[in-house]
Amino acid sequence: MGALDGQVAVITGASSGIGAATARLFAAEGARLALLDVNPVPGDLLGLGEVTTHVTDVTDAAAVERAMAEVAERHGRIDVLVSSAGILDRVPFLEMSPERFDHIIAVDLRGVFLAARYAAPYMVEAGRGRIINIASQLGIKGGAGLAHYVAAKAGVIGLTKALALELAPMGVLVNAIAPGPIETPLIGGRPEEWKREKAAELPLGRFGRPEEVAPTALLLASSPGGDIYVGQTLGPNSGDVMP
Ligand code: NAP
């Protein structure tokens, strides 16, 4: 028996990094997957049992609503949503254009809102569900050159608390994960020297891997492990932040 046997899990940002690792783990635990990403889903994920793919931009409200309806129609329900789609951009605040700010907020915050907004009705109807939003430890500690990203991720943590309060009485548990630096393409382009220095600052002395974040999502998605988490932000972060 897998921890998610027969459950339907929607994962955004599923084509890469934390989303892809979560897809692999959830499939191994028996989940049926609906994988959403702005990019096509890599071939190895297509073999993970009963999988549907939805090339969807999470900033597009109509497309997100349509994708959730397709999932519900195809699989009959939505039990779990993991919102992992996200982008990172660095720019000094004094050079940050309003457009650049808006773009990060649109993907990293509004995209999380839209996915929850259009998945939650199916969960409320069923009287149960789990929503897991991938935030970032930078939403707690801040970060220079990242005003837009930090604002978005702090927003995800706040959004998570608001949704948790509103939806818990209807059986839908909403929580967030705020990872520290994780070895994915999101930060793959950073200079090696930055990575060495950053890793040395961490109590653990190294970055995390996506497969080390996915089990936190599994905990929050599963029962009884996730049954009494409501509005929490869990921190698989190599010790970077200790709230
Ligand atoms: P990743 O490997 O780049 O995966 C993110 C996926 O989301 C990519 O496939 C990306 O496509 C996709 N995506 C981007 N914009 C999208 C949109 N508008 N609609 C749908 N999909 C979109 O990054 P990751 O490291 O796994 O990040 C996953 C989440 O964890 C993000 O929310 C990120 O902010 C958060 N996080 C990451 C770290 C880290 O150190 N890696 C730390 C803390 C939090 P493209 O490749 O085309 O952009």
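Tutor: A residue is near a molecule if one of its heavy atoms lies within 4 Å of it. The model before us is predicted, and the ligand is a suitable place to apply that criterion.

Student: Which residues around the ligand come nearest?

Tutor: There are 28 residues around the ligand, and those that come nearest are Ser16, Ile18, Asn39, Tyr149 and Thr184.

Student: Which polar side-chain atoms lie close enough to the ligand to form a polar contact?

Tutor: A polar contact is a pair of N or O atoms within 3.5 Å. In the side chain of Asn39, an N or O atom is 2.8 Å from an oxygen atom of the ligand. Asp57 places a polar side-chain atom 2.9 Å from a ligand nitrogen atom. The backbone takes part as well: a polar backbone atom of Gly17 is 3.4 Å from an oxygen atom of the ligand.

Student: How much of the ligand's area does the protein bury?

Tutor: The ligand taken alone exposes 880 Å², and the protein buries 88% of that.

Student: Where does Gly17 lie, and is Gly17 buried or exposed?

Tutor: Gly17 belongs to helix α1, residues 17–28. Its relative accessible area is 17%, so Gly17 is buried, the cut-off being under 20%. Along the chain, Gly17 and Leu186 are 169 residues apart, yet their C-alpha atoms are separated by 7.8 Å.

Student: How should one read a pair of aromatic rings, and how many does this structure hold?

Tutor: Such a pair is described by the distance of the centres and the angle of the planes. A search of the whole structure finds 1 aromatic pair. The rings are those of Trp194 and Phe207, with centres 6.1 Å apart and planes at 70°. Angles over 60 degrees count as edge-to-face, so the pair of Trp194 and Phe207 is edge-to-face.

Student: Where in the chain do the two partners lie?

Tutor: Trp194 is in helix α8, residues 192–201, and Phe207 is in the loop between α8 and α9. The two are 13 residues apart, and the pair links distant parts of the chain. Their surroundings may also be compared: Trp194 is partly exposed, at 22% relative accessible area, whereas Phe207 counts as buried at 6%.

Student: Which residue lies over the face of Trp194?

Tutor: That residue is Arg190, at 4.5 Å from the ring centre.

Student: How does one read the two sides of a helix such as α8?

Tutor: An α-helix has 3.6 residues a turn, so residues three or four places apart point the same way. In α8 the buried residues are Lys195, Lys198 and Ala199. Seen down the axis of α8, they fall within an arc of 100°, so they line one face of the helix. On the other side, Glu193, Arg196, Ala200 and Glu201 are exposed.

Student: What backbone features are found at Pro224 and Ser238?

Tutor: Peptide geometry is read from omega, and local conformation from angles such as phi. The bond from Ser223 to Pro224 is cis, with omega near 10°. Pro224 is placed in the loop between α9 and β7. Ser238, in the segment after β7, has phi near 60°, a positive value in a residue other than glycine. Ser238 counts as buried, at 13% relative accessibility.

Student: Where does Gly2 lie, and how far apart are the C-alpha atoms of Gly2 and Glu29?

Tutor: Gly2 lies in the segment before β1 and is buried, with a relative accessible area of 18%. The C-alpha atoms of Gly2 and Glu29 are separated by 4.1 Å, although the residues are 27 apart along the chain.

Key
Residues numbered from 1 in each chain as written. Predicted model: local features only at pLDDT ≥ 70, side-chain atom pairs only at ≥ 80, totals over all residues. Heavy atoms only, no water. Phe/Tyr/Trp six-rings, centres within 6.5 Å; stacked < 30°, edge-to-face > 60°. Helix = DSSP H or I, 4+ residues; strand = E, 2+ residues; numbered from the N terminus. Buried < 20%, exposed > 50% of the residue type's maximum accessible area, 1.4 Å probe, protein only. Lys NZ or Arg CZ within 6 Å of the ring centre and 35° of its normal. Polar contact = N/O pair within 3.5 Å; in protein donor to acceptor, adjacent residues only side chain to side chain. Areas by Shrake-Rupley, 256 points an atom, 1.4 Å probe, with all protein chains shown as cover. Arc of directions from axis to C-beta.
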